[in-house]
Amino acid sequence: ASRGTLPHHIAGKEVAAAPTATRLAKIYPATGEQLCTVPVAGKHEIEMAVAAAEEAFGHWAQLTGTQRSLVLSRAATVLREAQPEMARLEVLDTGKPLSEAEADTSAPDAFHWFGSLAASACVQGRHVPLGAAGVGLTRREPLGVCAGIAAWNYPVQGAAWKIAPALACGNAFILKPSPLSPLTSNRLVQLLESAGVPPGLVNVLHGDGSTGQLLVENPRIKKVSLTGSVPTGILIAKAAADTLKHVTLELGGKSPLVIFGDADIDEAVSAAMMANFCTQGEVCSNGTRVLVAKEVHAEFVKRLVLRTRKIRIGDPFADTTNMGALISLPHLLKVQEAIERYKAEGCGVALDLSQPTSLPPAFKGGYFLGPVIFDNVPSSSSLLTEEVFGPVIAIQIFSSEAQAVAMANDTEFGLAGGVFTSDFARAHRVAAALDAGTVWINEYNPAPIELPFGGRKMSGYGKEGGLEAIDAYTQIKSVYCATTPVACSFD
């Protein structure tokens with residue numbers, strides 16, 4: 001990463017920040033070291049990016065779906081080959097372990113999947129017979145210039161999940177990465193352009209909330225997709241209403257992981273760890289409320305504590321590390337304060353490793369926080385309603401299936417949920433009863449691009465991934481083709 005100021009990427013070129021632009025520090029979470037500064041794009045840069053995107057859209061939208069498919073398939077190959085490079089940048093962006101970033105192939109997968117659909121589902125309409133009067137057709141058409149406001153925890157995946165379907169459907173795109181994790185974005189677009197994505201079709205504008213606000217308010221941008229917090233989602237939905245933009249909101253969660261008495265306990269422990277400790281617990285879909293059947297509660301907690309003690313916190317680039325640093329100092333302080341507050345609220349502490357004790361000297365300034373397991377969490381605790389976004393588990397006990405479902409659904413969020421049981425009928429019964437956008441059975445947190453992902457209630461609306469994402473980046477036009485003379489009632 002550069003020690004200077006990151007450029008924007010507009011019309012295929014690196015564009016230097018304006019001399020008067022605000023600059024934000026980009027910090028490597030594992031050391032606290034400043035890597036570079038991040039410029040805040042204003043109206044001028046946004047107008048440049050919109051103009052470039054509109055020009056590129058004019059050509060891209062005229063291509064056949066097969067022509068777009070070929071480009072996106074090449075992009076998938078290029079991104080897969082660049083996975084090691086992108087993983088290292090993502091570690092500098094987020095502080096997560098390199099092993100975790102290297103295993104995440106969601107970006108090339110997204111371009112492969114949507115590239116395969118660009119000549120079929122992304123463009124196909126319907127033929128509707130209308131009897132002797134004529135024939136109806138529907139055309140699936142692109143929206144135009146779309147914008148994506150990405151979260152900081154999965155910068156490569158977050159960008160690809162928005163850009164790939166947008167391009168497959170014939171749109172152009174402007175990406176605003178989080179200023180906390182901006183390093184991967186320019187390189188991602190450079191790689192796409194090296195695969196044949198036309199300059200200007202995908203642009204990167206760095207910035208903060210003010211940049212996002214300007215993007216949402218711009219009437220020439222037809223669609224905004226946000227991955228972020230509930231308060232930000234509400235602001236964007238309100239601002240987008242002024243221009244009646246298409247909006248997709250993938251927001252926060254406080255998801256339940258329900259473990260029944262007949263579950264494989266070791267598998268359930270594995271799932272609870274994956275549902276809470278990946279990316280240091282900074283994952284929107286995490287199963288942070290772990291609901292355990294009374295008869296297996298003690299054994300589950302015992303095994304979970306035993307395995308959690310073995311987590312290795314430290315240098316994200318070290319092969320042995322499997323938990324890195326939180327994203328920023330303010331976030332670290334926020335999570336630390338929350339942990340103390342939960343203790344004061346009467347949450348039982350099964351394990352508190354929040355203060356790492358064996359960090360190498362080079363990482364003493366990093367934003368590290370180890371896992372915390374709260375047990376027998378009282379229903380009055382704010383731990384059950386707040387999205388902590390850190391490696392903090394809340395365990396509760398239930399005694400019946402009906403109680404488990406009621407507890408699981410007792411939240412304003414609806415992003416995800418999980419069920420562990422060996423009873424096939426119960427698994428599907430509970431999956432149907434959970435009020436969430438995604439439910440995993442005997443697993444937690446895999447998000448294949450073939451399946452749609454998105455929430456309900458205060459977790460947002462709209463889907464990313466799957467065939468459903470196509471609806472988010474297209475609009476339908478009905479065409480009536482008459483085969484009989486006009487029946488005029490005024491003759």
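Start by selecting strand 17 and look at its two faces. Ala416, Gly418 and Phe420 lie on one side, Gly417 and Val419 on the other, and all of them are buried, so both faces are covered. This is a predicted model. In a regular strand, side chains alternate between the two faces of the sheet. Strand 17 covers residues 416-420. Because 5 of its 5 residues are buried, strand 17 is largely enclosed by the rest of the structure.

**The sheet around strand 17**

Now widen the selection to the sheet. It is open, has 7 strands and mixed pairing, and its order is 14-15-16-13-12-17-18. Color the two edges: strand 14 (348-352) and strand 18 (438-441). Each of these edge strands pairs on one side only. From one strand to the next, the twist averages 20°.

Strands of a sheet pair through backbone hydrogen bonds, either parallel or antiparallel. Check both neighbors of strand 17.

- Select strand 12, residues 256-259. Strand 12 runs parallel to strand 17, and 3 bridges join them. Pick Ile259 here: its bridge partner in strand 17 is Phe420.
- Select strand 18. Its pairing with strand 17 is parallel too, over 4 bridges. Ala416 stands opposite Thr438 of strand 18. Further along, Gly418 has Trp440 of strand 18 as its bridge partner.

**Over the helix**

Next, show helix 14, residues 424-433. Helix 14 packs on the sheet and touches strand 17 and strand 18. Its direction makes about 165° with that of strand 18. Now display strand 17, helix 14 and strand 18 together. They make a right-handed β-α-β unit.

**Past the end of strand 18**

Move on to the loop between strand 18 and strand 19. Asn442 is found here. Which sign does phi of Asn442 take? The value is positive, near 55°, in a residue other than glycine. Most residues other than glycine have a negative phi. With a relative accessible area of 35%, Asn442 is partly exposed.

Stay in this loop and pick Asn445, which also sits between strand 18 and strand 19 (460-461). Is Asn445 buried or exposed? Its relative accessibility is 19%, so Asn445 counts as buried; the cut-off for buried is under 20%. Show the side chain of Asn286 as well. A polar contact of 3.0 Å joins it to the side chain of Asn445. Then show what else Asn445 touches, leaving out residues up to four places away in sequence: Met274, Ala275, Val283, Ser285 and Trp440 join Asn286 in that set. Trp440 is familiar from the earlier stop as the bridge partner of Gly418.

**Another positive phi**

Jump to Phe389, in the loop between strand 15 (372-375) and strand 16 (392-398). Phe389 is a residue other than glycine, and its phi is positive, near 60°. Phe389 is buried, with a relative accessible area of 15%.

**Last stop: a hairpin**

Finally, select strand 3 (residues 23-28) and strand 4 (residues 33-39). The two pair in the antiparallel sense over 6 bridges. Which residue of strand 4 is the bridge partner of Ala25? It is Thr37. Now look at the turn of the hairpin, where 4 residues lie between the strands. Pick Gly32: its phi is positive, near 80°.

Conventions:
Residues are numbered from 1 along each chain as its sequence is written. This is a predicted model: local features need pLDDT of at least 70, side-chain atom pairs count only at pLDDT 80 or more; totals for chains, interfaces and linings use all residues. Side-chain values use heavy atoms; hydrogens and water are left out. Two strands pair if DSSP finds at least two bridges between them. Axes are lines fitted to C-alpha atoms, for helices over the stretch in contact, and angles run from 0 to 180 degrees between N-to-C directions. Contact means heavy atoms within 4.5 Å. Buried means under 20% relative accessible area, exposed over 50%, partly exposed in between (1.4 Å probe, protein chains only). A crossover is right-handed if, with the strands pointing away from the viewer, the path from the first strand over the helix to the second runs clockwise. A polar contact is a pair of N or O atoms within 3.5 Å; within protein, one must be able to donate a hydrogen and the other to accept it, and residues adjacent in sequence count only if both atoms are side-chain atoms.
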